[in-house]
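Thank you for having me today. I would like to walk you through one chain, starting with a single helix and then moving outwards. Please keep the picture in view while I talk.

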Amino acid sequence: RRQVLEASQQLSEIINSEPGAESSDPSMDTAPAAQEESASHCLWVDKFAPRRYMELLSDDYTNRCLLKWLKLWDTVVFGKKTKPSPAAHPQLSHPKEHPNKWKTKVQLTEEILEAELDQHKRPKFKVALLCGPPGLGKTTLAHVIARHAGYNAVEMNASDDRSPEAFRSRIEAATQMRSVLGSHERPNCLIIDEIDGAPAASINVLLAIIQRKDGEGEAGPGRRRREGGLLLRPIICICNDQ
């Protein structure tokens with residue numbers, strides 16, 4: 001009996017010492033079997049999934065590009081002004097040289113992402129596309145980056161809604177309605193998974209929402225309700241085959 005009690009106490013200390021433990025209440029030591037059972041039912045991909053930006057194991061260049069693109073929405077979403085990165089505007093010792101001759105891939109990408117915002121303070125590219133084989137961490141990256149940038153990640157699967165109207169309603173609901181979940185209200189960031197499995201009609205609906213201009217829907221109140229407004233929230237699409 002003494003050996004069983006010592007083993008259960010050691011197991012309780014190990015579980016409580018792990019980062020992200022739900023509770024470190026000493027009263028939980030009296031039920032080590034329940035803790036062991038709950039730990040055994042938790043998948044390792046969920047237990048050890050990254051929660052913060054610094055815990056990501058995916059490509060650092062991809063992580064920074066996606067975060068930089070998402071921060072370009074701060075002006076229209078949060079009312080903040082984005083500051084240009086000093087790496088995107090390096091000082092050239094010889095002005096006569098070609099400006100793109102000695103720039104790295106990171107600098108060129110930052111210059112593309114730092115293009116001037118449109119008249120509605122939105123970035124030039126309204127949608128980011130993450131592509132790669134299954135298990136690469138695309139969905140995890142999208143959720144972590146969205147939370148890191150201050151958004152409420154809303155995920156939908158493009159293969160579930162085969163109807164273009166249902167696809168349109170879900171996109172508009174996620175990008176136009178505010179999130180009321182939790183005590184702190186956050187704007188939504190829509191994550192569309194398996195976009196390569198969506199029918200062509202749904203893709204056309206997505207393109208129409210992205211390319212929608214301010215003049216659309218001004219003919220009458222009925223048309224405005226039917227067409228919706230401008231896209232003012234970021235959308236991240238995920239696919240396996242580009």
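Let me begin with helix H4, whose 12 residues should span 16 Å at 1.5 Å a residue, and since its end C-alpha atoms are 16 Å apart, the two values agree. The expected span here is 1.5 Å times one less than the number of residues in the helix, and helices (H or I, at least four residues) and strands (E, at least two) are DSSP runs, numbered from the N terminus.

Before I go on, a word of caution: this is a predicted model, in which local features need pLDDT of at least 70 and side-chain atom pairs count only at pLDDT 80 or more, while totals for chains, interfaces and linings use all residues. Residues are numbered from 1 along each chain as its sequence is written, and side-chain values use heavy atoms, with hydrogens and water left out.

Which residues of H4 are buried? They are Tyr61, Asn63, Cys65, Leu66, Leu67, Lys68, Trp69 and Leu70, where buried means under 20% relative accessible area, exposed over 50%, and partly exposed in between, with a 1.4 Å probe and protein chains only. Let us stop at Leu66, which has its place in helix H4 and counts as buried because its relative accessibility is 5%. Leaving aside residues up to four places away in sequence, Leu66 touches Ala128, Leu130, Leu141, Ile145 and Ile236, a contact being heavy atoms within 4.5 Å. Of these partners, Ile145 lies 79 residues from Leu66 in sequence, yet the two are 7.5 Å apart in space, C-alpha to C-alpha.

Two of those partners lead us to the sheet, for Ala128 and Leu130 form the covered face of strand S1 (residues 127–131), whereas Val127, Leu129 and Cys131 form its uncovered face. The sheet is open and has four strands in the order S1-S4-S3-S2, with parallel pairing, and strands are said to pair if DSSP finds at least two bridges between them. Its edge strands are S1 and S2 (152–157), each of which pairs on one side only, and the twist averages 20° from one strand to the next. Five bridges join S1 to S4 (residues 235–239), and here Leu129 stands opposite Cys237. At the other edge, six bridges link S2 and S3 (residues 188–193) in the parallel sense, with Ala153 opposite Cys189.

How do the helices lie on this sheet? Helix H4 (residues 60–71) lies across S1, S3 and S4 and runs at about 165° to S1, while helix H8 (residues 164–176) touches S2, S3 and S4, its direction making about 150° with that of S3. For these angles, axes are lines fitted to C-alpha atoms, for helices over the stretch in contact, and the angles run from 0 to 180 degrees between N-to-C directions.

H8 also packs with helix H9 (residues 200–210), at an angle of about 35° and with the axes 9 Å apart. In this packing, Pro164, Phe167, Arg168, Ile171 and Glu172 of H8 meet Ala201, Ser202, Val205, Leu206 and Ile209 of H9.

Finally, stepping back to the whole chain, we find 10 helices and four strands, and buried residues make up 35% of its 242 residues. Among contacts with a separation of 6 or more, 72% come from residues 24 or more positions apart.
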